[in-house]
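Subject: Structure for your review

Dear colleague,

Please find below the structure I am handing over to you. My findings follow directly after it, and I would be grateful if you would read them alongside the coordinates.

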Amino acid sequence: MKKAAVAWVSVSGGPALALWCAPLDSALYVVSGPGEQAAPGLADASEAQVSLRGDHGGRIVTWPARVSRVRPGTEEWETTAPLVAGKRLNAPGPTADLVARWVADGCAVNRLTPAGEPVAGAALPSDAQAESPRETPAVRATRKPFRLHRVRRR
């Protein structure tokens, strides 16, 4: 878990979402909200399922997690929010500005703590557990190739 940068998190039996996370103190911290990643239902959840992958790209462990929200103004916020913000890649500006934006925008910083027996190794399901793609309003238009003029061959 200490090497994790991305975790697959499922809330209330819903689809697992790939979320950026920061490992810290035997827990994973996930930031979601405006200007950050979307994690529907995680901010209000009390439990979730977390899956982590190994260096080879395959899942190595799945564990139930207890979800608790880190509230701004608390001692936990003052100690962990700057550490989580420091691990945030591609963050614009200094860490203090990022933490201030999280507070101003109402972003949720959630702590995912292991809360049960992990499933790993031979106990993991042997099937691929692949799902069909979710519906999306995105459309990819197919364009015809551009031709400046017609080429004639003799």
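Ser 26 counts as exposed, because its relative accessibility of 60% lies over the 50% cut-off for that class. Please note that this is a predicted model. Ser 26 sits in the loop between E3 and E4, and although Ser 26 is not a glycine, its phi is positive, at about 60°. A second serine, Ser 12, also has a positive phi, of about 55°, without being a glycine. Ser 12 belongs to the loop between strand E1 (6-10) and E2, and with a relative accessible area of 74% it is exposed. A positive phi of about 75° is found at Gly 106, just after H2.

The helix pair

Helix H1 (residues 75-86) and helix H2 (residues 95-105) pack with their axes 9 Å apart, at an angle of about 115°. The crossing in which H1 passes H2 is right-handed. On the H1 side, the contact is made by Trp 77, Ala 81, Pro 82, Val 84, Ala 85 and Gly 86, which meet Thr 95, Leu 98, Val 99, Trp 102 and Val 103 of H2. Sorted by class, this contact between H1 and H2 comprises nine nonpolar residues, two polar residues and no charged ones.

Helix H1

The twelve residues of H1 span 18 Å from the first C-alpha to the last, which is close to the 16 Å expected at 1.5 Å a residue. Which residues of H1 are buried? They are Trp 77, Thr 80, Ala 81, Val 84 and Ala 85. Viewed down the axis of H1, these buried residues fall within an arc of 130°, so they line one face of the helix. The general background is that an α-helix has 3.6 residues a turn, so residues three or four places apart point the same way. The face of H1 turned away from the buried side carries the exposed residues Glu 75, Glu 78 and Gly 86.

The buried residues of H1 pack against H2 and against several strands: E2 (17-20), E3 (22-24), E4 (27-32), E6 (59-70) and E7 (108-114).

Helix H2

In H2, the buried residues are Leu 98, Val 99 and Trp 102. Around the axis they cover an arc of only 100°, which puts them on the same side of H2. Ala 96 and Ala 104 are exposed, on the face of H2 turned away from its buried side. The partners against which the buried residues of H2 pack are E4, H1 and E7.

Individual residues in the strands and loops

Trp 20 is found in strand E2. Its relative accessible area is 17%, so Trp 20 is buried, the cut-off being under 20%. Beyond its neighbours within four places in sequence, Trp 20 is in contact with Ala 5, Tyr 29, Val 30, Val 31, Gln 37, Val 84, Lys 87 and Arg 88. The C-alpha atoms of Trp 20 and Ala 38 are separated by 10 Å, with the two positions 18 residues apart along the chain.

Leu 28, in strand E4, is buried, with a relative accessible area of 0%. Leu 28 and Arg 143 are 115 residues apart in sequence and 44 Å apart in space, C-alpha to C-alpha.

Ala 43 lies in the loop between E4 and strand E5 (47-53). At a relative accessible area of 25%, Ala 43 is partly exposed. Leaving aside neighbours within four places in sequence, Ala 43 is in contact with Arg 69, Ala 108 and Asn 110. Ala 43 and Val 31 are twelve residues apart along the chain, and their C-alpha atoms are separated by 9.1 Å.

Arg 150 is located in the segment after strand E8 (119-120). Is Arg 150 buried or exposed? With 73% relative accessibility, Arg 150 counts as exposed. Its C-alpha atom is separated by 61 Å from that of Leu 83, 67 residues apart along the chain.

Yours sincerely

Note on methods: Residues are numbered from 1 along each chain as its sequence is written. This is a predicted model: local features need pLDDT of at least 70, side-chain atom pairs count only at pLDDT 80 or more; totals for chains, interfaces and linings use all residues. Side-chain values use heavy atoms; hydrogens and water are left out. Axes are lines fitted to C-alpha atoms, for helices over the stretch in contact, and angles run from 0 to 180 degrees between N-to-C directions. Helices (H or I, at least four residues) and strands (E, at least two) are DSSP runs, numbered from the N terminus. A crossing is left-handed if the near helix is turned anticlockwise from the far one by less than a right angle, and right-handed if clockwise. Contact means heavy atoms within 4.5 Å. Ala, Val, Leu, Ile, Met, Phe, Trp, Tyr, Cys and Pro count as nonpolar, Asp, Glu, Lys and Arg as charged, and the others, Gly among them, as polar. The expected span of a helix is 1.5 Å times one less than its number of residues. Buried means under 20% relative accessible area, exposed over 50%, partly exposed in between (1.4 Å probe, protein chains only). The arc is that of the directions from the helix axis to the C-beta atoms.
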